[in-house]
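Please look over the notes that follow with the structure open beside them. They cover internal space, cysteines and one feature of the surface.

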Amino acid sequence: MQGKIALEEHFAIPETLEDSAGFVPGSYWDELQHRLLDIQDTRLGLMDKHGIETMILSLNAPAVQAITDRKKAIEISKRANDVLAEECAKRPDRFRAFAALPLQDPEAAAEELNRCVKDLGFVGALVNGFSQDAEQGEGQELLYYDLPQYRSFWAEVAKLDVPFYLHPRNPLPQDSRIYEGHPWLMGPTWAFAQETAVHALRLMGSGLFDEHPSLQIILGHMGEGIPYMLWRIDHRNAWVKLPPKHPAKRKFVDYFNENFHITTSGNFRTQTLIDAILEVGADRIMFSTDWPFENVDHAADWFDAASISEPDRVKIGRTNAAKLFGLD
């Protein structure tokens with residue numbers, strides 16, 4: 001399929017490059033570094049070869065979210081966003097941008113999102129899970145965005161009417177005891193999805209979408225497992241008649257179908273895609289590759305041949321993203 005739009009596609013600046021070092025064996029690090037720092041050469045060639053018209057680029061993980069010095073987190077966010085704006089300006093027909101945000105400071109994050117959307121032309125934000133702030137629990141407190149101090153930030157996101165991509169990061173070591181002795185379960189194998197799914201469920205359960213029903217959240221990797229658990233989340237012990245223990249007013253399936261979109265990033269399996277279409281519909285799924293951590297050819301070759309209808313392929317491959325981000 002030609003004209004695809006891909007939206008979980010990462011880059012790095014020198015200050016955040018090392019954050020990605022642990023995700024591949026040392027013998028692959030030179031290649032991953034090249035992939036992360038390159039935008040206009042190898043990346044663009046692969047896009048041409050595999051029918052990707054546009055990539056929406058975002059900073060690698062955890063980057064800003066793991067910088068416990070609040071002032072430095074703000075500084076790195078602005079630097080990364082300025083670098084990305086310059087790269088997108090070289091090929092505005094091929095690249096668009098998600099803002100990196102210093103959510104250690106909700107007010108600063110809202111200001112930076114405003115700057116990125118209104119001054120730099122960014123189409124939304126991508127944030128790498130919870131944030132850490134030295135001024136709150138010496139950087140060990142997990143700042144999830146359902147917490148009350150983030151409601152003014154979400155009001156700004158709703159006001160700007162731009163999507164927010166909730167991207168994974170690994171849990172902190174003290175919260176990873178379940179994985180002790182099994183380091184292979186960290187990262188994309190399992191820990192990323194578990195961490196991000198819980199964060200997304202916290203947003204839903206907090207009543208955030210009752211307060212701001214227009215918010216649109218994006219989850220990668222075919223929804224981090226949530227689509228396949230929605231019925232169970234809403235119906236646990238259904239014979240026991242008790243009020244819910246969360247402030248949300250509606251069923252989680254309603255929020256997921258009205259306030260969430262998912263992408264195919266890093267999860268290239270047709271059976272899973274068909275399950276996702278059955279759960280959330282083809283209108284809320286978008287193509288992505290997860291470059292440079294996954295290969296563009298692996299994503300595109302699979303998607304172009306996947307056993308789905310051609311109208312659904314066009315929606316997922318292009319028109320859903322074009323509509324959500326106003327790209328056509």
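1. The lining of the largest cavity is the place to start. Leu 59, Asn 60, Pro 62, Ala 63, Val 64 and Gln 65 contribute to this lining, as do Ala 100, Leu 101, Leu 126 and Asn 128. The model is a predicted one, and the lining should be read with that in mind.

2. As to volume, the largest cavity comes to about 40 Å³. With a threshold of 30 Å³ or more, a search of the whole structure returns 1 cavity.

3. How many disulfides does the structure hold? The count is 0. Cys 88 takes part in no disulfide, and the nearest cysteine sulfur, at 11 Å, belongs to Cys 116. Seen from the other side, the sulfur of Cys 116 has that of Cys 88 as its closest cysteine sulfur, and the 11 Å between them is too far for a bond. The cut-off for a disulfide is a pair of cysteine sulfur atoms within 2.5 Å.

4. Are these cysteines buried or exposed? Cys 88 has 10% relative accessibility and therefore counts as buried. Cys 116 is buried too, with a relative accessibility of 0%. The cut-off applied here is under 20% relative accessible area.

5. On the surface, Trp 239, Val 240 and Leu 242 make a nonpolar patch of about 390 Å². One of these residues, Val 240, sits in the loop that runs between helix 8 (230–235) and helix 9 (252–259). Val 240 counts as partly exposed because its relative accessibility is 34%, a value that falls between the 20% limit for buried and the 50% limit for exposed.

Conventions. Residues numbered from 1 in each chain as written. Predicted model: local features only at pLDDT ≥ 70, side-chain atom pairs only at ≥ 80, totals over all residues. Heavy atoms only, no water. Buried < 20%, exposed > 50% of the residue type's maximum accessible area, 1.4 Å probe, protein only. Patch = residues over 30% accessible without salt bridge, like charges linked within 9 Å, V, L, I, M, F, W, Y side chains within 5 Å. Areas by Shrake-Rupley, 256 points an atom, 1.4 Å probe, with all protein chains shown as cover. Salt bridge = Lys/Arg side-chain N within 4 Å of Asp/Glu carboxyl O. Helix = DSSP H or I, 4+ residues; strand = E, 2+ residues; numbered from the N terminus. 1 Å grid on protein atoms, 1.4 Å probe; cavity = no way out; pocket = protein on both sides within 12 Å on 5 of 7 lines; lining within 4 Å. Points joined across faces, edges and corners; volume = space filled by probe spheres on them.
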